[in-house]
Amino acid sequence: MTIRLLGRAVATRTVANQSIRPKIRHLQSSVPDSSGFSGRDNTKNNTNLEILDLALTKVHDLGWSSTAVSRAATELGYSSMAHGVAPDGAISLISHFMDRALDETCIEVDDQLHEFPDTSECLRFICTTRLKQTLPYVQRWPEAAAILAQPQNVPLAMRHLTNLSSQMWYLAGDKSTRIDWYARRSALAAVYLSTELFMCEDRSPNHQDTWRFLKQRFQDMDKAEYIGSKTVAFGEQFSRNLYNILASRGYVSH
């Protein structure tokens, strides 16, 4: 593979009666999470990742919750308190999912990006691939969005989204240091987030409305006036984008 997946490795394991499939181990994720992972491939880290992987299979019934993490720990033969290494079960579980989804997206798109004629089409394909990682959890994702929108969790949400946006631009071949670097990443993050939240409410067959919505957002983003051509304060701009999108969907108060 030509993609540089920074500090991440692929491991294989079996969860309950599920078939073996590769799992991404976030050994040195560029997005810090609230679980307190050291970034080293040690027993404690591997145990926690194993618990969180299985906890994801509990989300449909138990939500993004400490209960899901505790249930997974018990089923794996650990004490129900084993998830103490990730004391905030809900946000740790959400953070773990977003890390894993980005890793798997990078792997999935790697050998297909050369097929797209321009950067915009390439970015839309990457966004679509990443959004499909959320689809199995789409009924529960508004709950995750509400948790991420809590004031103490907004910095974590911003770090994940900024990392996602930067990775997508990098995969699409944009390695420039132009003056609108920050604006472009903020715009892409806003496109992705608004589409993800739209997808949670989409009841169209095969989420066709979501993919049309995403296409329209990219057409908007391609307009020069949407991107902007001057230096912007990325943190402030992205915070406004994040807040406004979450507020429009009812996850935070205006």
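A salt bridge is a side-chain nitrogen of Lys or Arg within 4 Å of a carboxyl oxygen of Asp or Glu. With that in hand, welcome to a set of close-up views of a predicted model.

**View 1. Arg-185 and Asp-174 are joined by a salt bridge.** The nitrogen and oxygen of this pair are 3.2 Å apart. Arg-185 belongs to helix 8 (residues 181-201), while Asp-174 sits in the loop between helix 7 (154-171) and helix 8, so the contact ties together parts that are eleven residues apart in sequence. Both ends of the bridge are tucked away: Arg-185 is buried at 3% relative accessibility, and Asp-174 is buried at 10%.

**View 2. A salt bridge connects Arg-100 with Asp-53.** Here the closest N and O atoms are 3.6 Å apart. Look for Arg-100 in helix 4 (residues 89-109) and for Asp-53 in helix 1 (residues 43-56); the pair therefore ties together parts that are 47 residues apart in sequence. Arg-100 has a relative accessible area of 9% and is buried. Asp-53 is buried as well, at 2% relative accessibility. Glu-104 joins in too: salt bridges with shared partners link Asp-53, Arg-100 and Glu-104 into one network. The whole structure holds nine salt bridges.

**View 3. Within helix 5, Glu-121 meets Arg-124.** These two side chains form a salt bridge with an N to O distance of 3.1 Å. Both residues lie in helix 5 (residues 119-134), three residues apart, which is about one turn of the helix. Glu-121 is partly exposed, with a relative accessibility of 28%.

**View 4. Phe-97 and Tyr-137 form an edge-to-face aromatic pair.** Their ring centres are 4.9 Å apart, and the angle between the planes is 65°. Phe-97 is found in helix 4 and Tyr-137 in the loop between helix 5 and helix 6 (141-148), so this pair ties together parts that are 40 residues apart in sequence. Phe-97 is buried at 1% relative accessibility, and Tyr-137 is buried with a relative accessible area of 13%. Follow the rings onward and you meet a cluster in which ring pairs link Trp-64, Phe-97, Tyr-137 and Trp-141. The count of aromatic pairs comes to seven.

**View 5. Ala-157 of helix 7 is shown here with Met-98.** The two residues are 59 residues apart along the chain, and their C-alpha atoms are separated by 9.8 Å. Ala-157 is buried, at 6% relative accessibility.

**View 6. Helix 9 runs from residue 208 to residue 221.** Its 14 residues reach 20 Å from the first C-alpha to the last, close to the 20 Å expected at 1.5 Å a residue. The buried residues of helix 9 are Thr-210, Phe-213, Leu-214, Phe-218, Asp-220 and Met-221. Why do they share one side of helix 9? They cover an arc of only 155° around the axis, and that puts them on the same side of the helix.

**View 7. Two charged side chains are placed over aromatic rings.** Arg-217 lies over the face of Phe-213, 4.4 Å from the ring centre. Phe-213 may be familiar from the previous view, as one of the buried residues of helix 9. Lys-132, in turn, lies over the face of Trp-211, at 5.8 Å from the ring centre.

Key:
Residues are numbered from 1 along each chain as its sequence is written. This is a predicted model: local features need pLDDT of at least 70, side-chain atom pairs count only at pLDDT 80 or more; totals for chains, interfaces and linings use all residues. Side-chain values use heavy atoms; hydrogens and water are left out. Helices (H or I, at least four residues) and strands (E, at least two) are DSSP runs, numbered from the N terminus. The expected span of a helix is 1.5 Å times one less than its number of residues. Buried means under 20% relative accessible area, exposed over 50%, partly exposed in between (1.4 Å probe, protein chains only). The arc is that of the directions from the helix axis to the C-beta atoms. Rings of Phe, Tyr and Trp (its six-membered ring) pair if their centres lie within 6.5 Å; planes under 30 degrees apart count as stacked, over 60 as edge-to-face and the rest as tilted. A charge sits over a ring if NZ of Lys or CZ of Arg is within 6 Å of the ring centre and within 35 degrees of the ring normal.
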